[in-house]
Every structure is written in C-alpha cells, then in structure tokens.
Amino acid sequence: METIGRRERKKAATRQALADAALELFLEHGYDGVTVAQIADAADVSLATLFKHVPDGKEALIFDDGTERRDAAVAAVRDRPAGTTVLAALRGFMTGRGPFATDLTPDLLRKRDLIVGTPALAGYQRRLWLAGEGALAEAIAGASGRAAGDPAVRALARYVLEVPELAGTDPDPRASLDAIFDLLERGWSG
C-alpha cells in the first residue's frame, strides 16, 4: 500500500482548508460577496499560496479537479452488471449525483443548492462534467463495439454529461433526468 508523504499531506490539508473556508464564506455571504483575499485570510494562507493550490480561481475552490466524476462515469459503464444497458448504467450513475441525489446530508444539500443557484459555480461544474467527455466516449465505444470517434458515441457521451445542466435546475430534477433518459432509450419520434 502506498503511503502519502508529509509534503503531499500538507498540500492536501491546505487545499482542504481553502475549500472549507471558501464554502463557509460562500454559504454565509454568497459567492459574489466573497473575495479570494477573504478566503485566503479565513484559511490562514497567503494569496500566493491560494493561487498555487487553486490556479483556476475561486470557482474551483469547492470542487475537486473533476477526476472523480469522470472516473465514476466511466466505471458506471465499464463495471455495469451483466444485462444492464449502457444507458441504464448511466441513468443509475446520474441519479446519485448532485441535483438528482435524494440522500444528501443537510451540509451537502446546502452545497448543492449553492452550486445550482450560482451561475459561476454551475458553469464551472459544467466544464468539469464536459472534461470527461473523451473518457466516457471511450467507455461507451468499448461497451458498444464502436469507435470512440463515432459521432453517435461522442454525441451520447456529450448528451449524458449535459444532463446535470439541462435538468439540474428544473422544479423536479429527478423527473427531468428520467424524461431525458427515457428519450435516449426510446429515441425521438416526430
């Protein structure tokens, strides 16, 4: 088992302190009411340290780098149970994420509502989702026997990754997610 070195532990702790401070300040004052200097101060780090850990700006402070969501979407396709279609696996994956999850703790609900209700954060989250398009297309291609560059494969990957943006702010996000996946499974007729 690989052990994490002291330097990596300190970096992770600083990154977590920044994320915690940013989230607390965003929830208290709203995203637009908080500066990066306030976040650095609350986390007891310099501005230079903040930008070293989070060069993408304050939007990135409460998100990981997108690797987890990309890997989880790919795993949903690659590790799906026998007899489960790609679309059924991706529907199941999406139902447990962000605006579609029904079992979030109160703290995660507040974070989700902050993200969904803040255009800069929602936009950053969308970019994180779309960054996984190539990897998801490869997984779909592998499961379907098609090439990852096949326009239908790429379109399916993109459309699935757009579901949080398309349905996440609807009054009933879960019903909207189901309507989108129903359409994907049946196809458009009309």
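This passage walks through the overall fold, one helix pair and the two largest pockets of a predicted model.

Starting with the fold, the protein chain is built from ten helices and has zero strands. Read along the sequence, that gives the simple pattern α-α-α-α-α-α-α-α-α-α. The C-alpha atoms fit into a box of roughly 55 × 45 × 30 Å along the principal axes. Of the 190 residues in the protein chain, 38% come out as buried. As for how the protein chain folds back on itself, take the contacts between residues at least 6 apart in sequence: 62% of these join residues at least 24 apart.

One helix pair deserves a look of its own. Helix α5, covering residues 86–95, packs with helix α10, residues 173–186, at an angle of about 170°, and the two axes lie 11 Å apart. Angles over 145 degrees count as roughly antiparallel, and α5 and α10 are therefore roughly antiparallel to each other. On the α5 side, the contact is made by L87, A88, L90, R91, M94 and T95. Helix α10 answers with R174, L177, D178, F181, D182, L184 and E185. Sorted by class, this contact has seven nonpolar residues, five charged ones and one polar one.

Now for the pockets. The largest pocket has a volume of about 570 Å³. Its lining counts 25 residues, and those closest to the centre of the pocket are I62, F63, R69, K111 and I115. Four helices each supply at least two lining residues here: α1 (6–29), α4 (67–78), α6 (106–117) and α7 (119–130). Helix α1 gives the most, with six residues. In terms of chemistry, the lining of the largest pocket is a mix of 13 nonpolar, eight charged and four polar residues.

The second largest pocket comes in at about 170 Å³. P99, V116, T118, P119, A122, Q125, R126, W129, P164, E165, G168 and T169 make up its lining. The elements with two or more residues in this lining are α7 and α9, the latter running over 151–167. Helix α7 is the top contributor to the second largest pocket, with five residues. By class, the lining of the second largest pocket splits into six nonpolar, four polar and two charged residues. Helix α7 thus turns up in both pockets, supplying at least two residues to the lining of the largest one and five to that of the second largest.

Terms used:
Residues numbered from 1 in each chain as written. Predicted model: local features only at pLDDT ≥ 70, side-chain atom pairs only at ≥ 80, totals over all residues. Heavy atoms only, no water. 1 Å grid on protein atoms, 1.4 Å probe; cavity = no way out; pocket = protein on both sides within 12 Å on 5 of 7 lines; lining within 4 Å. Points joined across faces, edges and corners; volume = space filled by probe spheres on them. Nonpolar A, V, L, I, M, F, W, Y, C, P; charged D, E, K, R; others polar. Axes fitted to C-alpha atoms, helices over the stretch in contact; angles between N-to-C directions. Parallel < 35°, antiparallel > 145°, perpendicular 65-115°, else oblique. Contact = heavy atoms within 4.5 Å. Buried < 20%, exposed > 50% of the residue type's maximum accessible area, 1.4 Å probe, protein only.
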